[in-house]
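Grab your viewer and let's work through a few short exercises on charges and burial. Each one comes with a solution you can follow step by step.

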Amino acid sequence: MVVTASAMLVASSVVMGSGHRAVALENWMEFDNNSSSSWSQPFDRSFVRRWESQPRRGYTTLSKKNIAPTRAAIDQYEEIVANGGWKRIPDVKLRAGMSDPAVAVLRQRLRISGDLEQRGGFRNTFDYYVEKALKRAQKRHGLSPTGVLDSATRAALNVSARARLRQLRLNLTRLNRLSRQTSREGRYVFVNIPAAQIEAVENGEVVSRHSAVVGKPSRQTPILKSRIHELNFNKEWILPPTVIREDLVPKGRSMSRNGQNVLERYGIDAYASYDAYRRGDKLDPRQINWSSSQPLNLFYAQEAGNDNPLGFVKLNFHNRHAVYLHDTPSQSLFGRNKRAESSGCVRVQGVEQLVAWVLRDTPGWGISRVRQMKRTGETLDVKVKNPVPLYMNYVTAWATPDGVVHFRRDIYGRDGVGATASAY
């Protein structure tokens, strides 16, 4: 099935079922309309890359409007847990047109969570209705809606109902606190770390949503609140101690054993100290002994350019963790579903749009000027006239006013529900 990037999920209406259980009925995705006639076609993997790198604006995550739906979702999942939860889906890859006993388990799982309303068809056959329901479930779990039961989707659906209920309860507390704070802001930027997404929010609405690359579990992006007060265009990169210790030096030692020099390969300059850097006294990269402790005690910087990890712009905000938002030359990472790959800073997809919005009140700045800075490579530091509030936080479960219950990977294990909630 070939899926176009323009095909979107239409917001649903909410139907209240028995008790407190809420079931969202979708006006299903337009790209589903021809799926039953194209089961034999190979899946278009470019759709996944587009979906991940071009997220839809959707609902604001840190909104008071999400509190009541999240409470309703807690009621729904309490009922699911009381009724025994759901069975584990067997380790079988399934897609439209297949017949397998595991399809019956999948059907039951999707019905329990309210994703599958169609009760017709053969219980062991992966038909059009199962495909649509699975796409809806994938989207709710932050996965690309391929309609294929792959290992990541199966792992997400196999997280127990009890664990999901715990996440909802825990995140309701987070939402209550954060929504009170953001409701006082005219506009703000929210980095949802486990979702690896960024929202630019104004007057309670999402102006733009961006894919992000966040810190890997061993170098976690911190939770913080600050204000974006300055932008650096085409700035050199000062390598932080963690990158020096855990990336540069090991790479330098490995390359030196093969007669190569990591500094020459990546265009990085070494200095004996910060003062030497200020004076411009570069060391000869061929005189550095990578097998000794010397490289760990040097100061390193990389000039602006195509290989600079900062890309063409860096967004600064005061924090004790020395992290920031920035562009990146590695755009392919935004097309992946798992995007916990950085050393703690946050890389921003479509950063030009976010920068132009941050600088909206700063005289002389707009999207054309931002693009010009990228094109020319001019080095410039810009103070933001009205610093924009920034929230970097950790929200893994919430519900929106359309009745859809969302879950994201517990990538840093902060929800206390075990490894299964982070393993997909």
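The exercises below deal with a predicted model.

**Exercise 1.** Work out which parts of the chain the salt bridge between D127 and R107 ties together.

*Solution.* Start with the pair itself: the closest N and O atoms of D127 and R107 are 2.8 Å apart. Next, place the partners: R107 sits in helix α3 (101–112), while D127 belongs to the loop between α3 and α4, so the bridge links parts 20 residues apart in sequence. Now check burial, where the cut-off is under 20% relative accessible area. D127 comes out at 11%, so call it buried. R107 has 3%, so it is buried too.

**Exercise 2.** Find the network that R360 and D361 belong to.

*Solution.* First, R360 and D361 form a salt bridge, with 3.4 Å between the closest N and O atoms. Then follow the shared partners: salt bridges join R187, E202, R360 and D361 into one network. As for accessibility, R360 is partly exposed at 39%, and D361 is partly exposed at 29%.

**Exercise 3.** Say which residues make up the positive surface patch, and which elements supply at least two of them.

*Solution.* List the members: K64, R177, R180, R184, K225 and R227. Then map them: α6 (161–182) and β6 (224–233) each supply at least two residues. Take R180 as a check: this residue is in helix α6 and, at 45% relative accessibility, counts as partly exposed.

**Exercise 4.** Identify what covers the buried residues of α1.

*Solution.* In α1 (residues 45–53), the buried residues are S46, F47, V48, W51, E52 and S53. Their cover includes α4 (128–140) and β5 (205–215).

Technical notes
Residues numbered from 1 in each chain as written. Predicted model: local features only at pLDDT ≥ 70, side-chain atom pairs only at ≥ 80, totals over all residues. Heavy atoms only, no water. Patch = residues over 30% accessible without salt bridge, like charges linked within 9 Å, V, L, I, M, F, W, Y side chains within 5 Å. Areas by Shrake-Rupley, 256 points an atom, 1.4 Å probe, with all protein chains shown as cover. Salt bridge = Lys/Arg side-chain N within 4 Å of Asp/Glu carboxyl O. Lys, Arg positive; Asp, Glu negative; His and termini not counted. Charge placed at Lys NZ, Arg CZ, Asp CG, Glu CD. Helix = DSSP H or I, 4+ residues; strand = E, 2+ residues; numbered from the N terminus. Buried < 20%, exposed > 50% of the residue type's maximum accessible area, 1.4 Å probe, protein only. Contact = heavy atoms within 4.5 Å.
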